[in-house]
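Please explain how this structure is built, moving from local backbone features to the cysteines, the nonpolar cores and the overall form of one chain.

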Amino acid sequence: MRIYGVINSCIGEAYEQLVNIASLAYNSNIAIGDVHIIELSGNIEEYRVSLALEVLESECNNASMILFPGSDWGRELAIRLGSRLGGVSAVDIISMNMENTSVTRKAYAGNLLAKYRINGAPWCFSIDRSVRSEHILANDISVFASYDTHCLDAIKSENDSSNKVCVRDDTGNGLEDADFVLACGQGIRNKDSFDSIIKTGEALGATVGASRPVAMNAWIPMSGMLGVSGSMIHPKVCIVAAASGSPAFFAGIEHSQYIIAINTDRGAPIMSKCDLAIVDDAREVIDKLALLVGNTGDI
Amino acid sequence: MIRITNCFKMEPDIDKVSDEEWQEGAKSGKLDFRYLKARINLQDESALELALKLRDEAANSNITCQLSALSIGDETVVNTLDTLVALGFANTCHIEGDAEFSPNQAVNGISKYILQNESQDIVICGSQSGIGSSQTVPLLVAEKLGINCITNVSAIHIVDEQSIRVSHVMDGFTIAEDVILPVLLAVGDVQRTYLRVPTLKDRMNAKPLRRDHILLEEYLDMDKASDNDLELQAFEYEDVKRNPITIDEGNAEDSARAILKALEQEGVIE
């Protein structure tokens with residue numbers, strides 16, 4: 001089997017992408033030393049999907065499998081390259097079973113896992129962002145079969161777009177590095193209440209994030225969204241205030257060491273997925289918490 | 001004139017399904033959500049509203065846009081198509097069938113319909129469904145149609161009759177660029193793009209140029225390429241419960257004290 005892993009240093013950290021690929025390989029009993037790495041490099045302003053596909057179609061024409069890390073660019077290239085090579089593509093693969101040629105990925109907004117048999121070849125898969133094996137060490141990623149870099153800036157091509165402006169987004173308000181996160185849901189009811197809870201949360205020393213409905217209502221910038229479409233965090237503590245805890249949201253906070261949920265609905269999904277469940281009004285409890293912490297002089 | 005086709009799907013509101021129902025459904029392999037209310041896929045809804053906004057903006061520059069809507073699904077599609085006609089969509093097509101876990105079928109259905117009719121300058125849809133979530137359909141449709149594709153679109157504006165300015169998000173970057181038509185736009189999460197509601201007068205005056213109704217099976221490709229696909233085998237339910245301590249005293253101060261104790265124990269607050 002000829003296996004390729006593709007990383008893109010125009011967009012994102014190369015190391016993290018390599019770990020994501022190596023982790024899936026390890027979990028699937030594929031030797032990391034059997035994976036050939038292709039790095040796409042250059043400036044994001046010059047990055048063009050058409051160029052990347054051109055390079056990959058040429059480099060991977062003998063591939064059995066091509067793996068892409070969990071990312072927007074990776075998903076797009078996996079699908080389009082799979083189509084151009086006449087193979088099979090899928091995104092956000094959680095696991096792969098080489099013996100029965102199957103893959104597993106999420107379905108029904110993360111409520112279930114779906115197992116699929118792979119019919120056809122080559123396989124072009126992007127890996128779920130959360131795939132990360134604790135067995136992969138820094139040294140492991142230096143033992144790939146080969147490592148080839150292709151600078152996309154150096155390739156001339158016809159431009160199908162112009163006046164391109166690239167702006168780096170506010171990186172999740174520091175959510176992904178925070179030790180203490182306050183995650184708010186639609187149960188906060190309105191923007192004024194939400195603004196108030198943000199101030200209280202920040203006074204407590206928490207970084208504030210929110211569920212998808214809150215972000216879509218524009219109560220918080222999109223960079224503050226938690227979940228599969230937003231930030232995936234791993235703080236020491238996450239307080240989930242007035243969010244029901246849908247799987248898509250929970251996927252963003254499930255790696256928190258300790259989860260505290262506050263919700264008036266005892267039956268909300270989050271209330272069984274946390275470590276401490278408080279059946280109460282989130283706004284009132286957070287306000288009381290701020291007073292208590294203020295009284296002990298810790299903020 | 002700029003011709004725009006919106007592809008959308010109706011989905012059951014699965015937020016209402018309990019953990020126990022998911023568990024049972026995965027075990028039995030029977031997942032029937034026809035009892036749930038159907039709603040437009042959230043990203044498809046954003047795509048519909050963005051198309052309407054683009055039409056309105058284009059009109060200010062004396063550019064006409066002709067909007068068409070296409071959906072693969074069951075009879076729950078029909079009411080939404082009526083709403084879209086009331087909002088000014090000129091043509092509609094209902095491809096009757098279920099392609100939810102068969103993205104290749106959806107790709108074939110959409111591509112064939114578009115290729116058989118007038119060429120479109122913009123094809124626009126949501127990036128993924130909330131059911132199968134394959135995320136493959138928009139990109140594979142672009143490949144079949146041989147047109148450029150932009151994913152995670154967050155805004156579109158008119159430049160002229162041959163180009164539009166598209167903003168899209170990619171892994172922490174927002175990119176804005178002028179794009180020459182034709183193009184397929186896969187819309188991501190866009191704040192505050194709920195589909196507008198037609199007035200009664202809009203509904204009474206609604207008159208589409210064309211309404212098509214086709215069976216999906218008429219569009220299935222039997223060539224070898226369609227055999228290359230993922231074949232759904234089974235579902236699995238993953239239990240991520242943590243066995244929590246539950247406090248239900250109804251007293252906000254006691255609740256806050258319990259949280260403070262936990263924060264101190266976890267070393268977040270001293």
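B:P182 lies in the loop of chain B that runs between β9 (173-180) and β10 (183-187). In this predicted model, the peptide bond leading from B:L181 into B:P182 is cis, with omega near 5°. Chain A has a cis peptide bond from A:A121 to A:P122, where omega is near -5°. A:P122 is likewise a loop residue, placed between β6 (112-119) and β7 (123-127) of chain A. Such bonds merit attention because most peptide bonds are trans.

The backbone angle phi gives further points to inspect. Most residues other than glycine have a negative phi. B:S133, although not a glycine, has a positive phi of about 55°. B:S133 belongs to the loop between β6 and α5 (137-145) of chain B, and it counts as buried at 9% relative accessibility. B:N243 also has a positive phi, near 55°, and is a residue other than glycine. The loop that holds B:N243 connects β12 (229-236) and β13 (245-247) of chain B. With a relative accessibility of 72%, B:N243 counts as exposed.

A loop of chain A offers another reference point. A:N190 is situated between β10 (180-184) and α4 (191-203) of chain A and is partly exposed, at 34% relative accessibility. From A:N190 to A:I136 the separation is 54 residues along the chain and 44 Å between C-alpha atoms.

The cysteines come next. Over all chains, the count of disulfides is zero. A:C166 is in no disulfide, and the nearest cysteine sulfur, that of A:C10, is 10 Å away. A:C166 is buried, its relative accessible area being 16%. B:C125 is also in no disulfide; here the nearest cysteine sulfur belongs to B:C7, at 5.5 Å. Because a disulfide requires sulfur atoms within 2.5 Å, the pair B:C125 and B:C7, with sulfurs 5.5 Å apart, does not qualify.

B:C125 sits in strand β6 (residues 122-126) of chain B and is buried, with a relative accessible area of 9%. Beyond residues up to four places away in sequence, B:C125 touches B:C7, B:D44, B:A47, B:P138, B:L184, B:L185, B:A186 and B:V187. B:C93, by contrast, lies 32 residues from B:C125 in sequence and 15 Å from it in space, C-alpha to C-alpha.

Which residues have the most contacts inside the largest nonpolar core? They are A:Y108, A:F125, B:W22 and B:F235, in a core of 43 residues. Helix α1 (residues 14-27) of chain A provides the largest share of this core, six residues. B:F235 illustrates how the two chains meet: outside its neighbours within four places in sequence, it contacts A:A107, A:Y108, A:L112, A:L113 and A:A114 from chain A, together with B:A26, B:L31 and B:F101 from chain B. Another core lies apart from the largest one and has 41 residues, including A:I220, A:M225, A:I239 and A:L292.

Chain B may finally be viewed as a whole. It has seven helices and 13 strands, and its C-alpha trace spans about 65 × 45 × 40 Å along the principal axes. Of its 270 residues, 55% are buried. Among contacts in chain B between residues at least 6 apart in sequence, 73% join residues at least 24 apart. The accessible surface of chain B is about 12800 Å², with 47% belonging to carbon and sulfur atoms. Chain B carries 25 positive and 47 negative charges, whose mean positions are 5 Å apart.

Terms used:
Residues are numbered from 1 along each chain as its sequence is written. Chains are lettered from A and ligands numbered from 1 in the order in which they are written. This is a predicted model: local features need pLDDT of at least 70, side-chain atom pairs count only at pLDDT 80 or more; totals for chains, interfaces and linings use all residues. Side-chain values use heavy atoms; hydrogens and water are left out. Helices (H or I, at least four residues) and strands (E, at least two) are DSSP runs, numbered from the N terminus. Buried means under 20% relative accessible area, exposed over 50%, partly exposed in between (1.4 Å probe, protein chains only). Contact means heavy atoms within 4.5 Å. Accessible areas come from the Shrake-Rupley method with a 1.4 Å probe; for residues, only the protein chains shown count as cover. Lys and Arg count as positive and Asp and Glu as negative; His and the chain ends are not counted. The place of a charge is taken as NZ of Lys, CZ of Arg, CG of Asp or CD of Glu. A nonpolar core is a set of buried Ala, Val, Leu, Ile, Met, Phe, Trp, Tyr and Cys residues joined through side-chain atoms within 4.5 Å.
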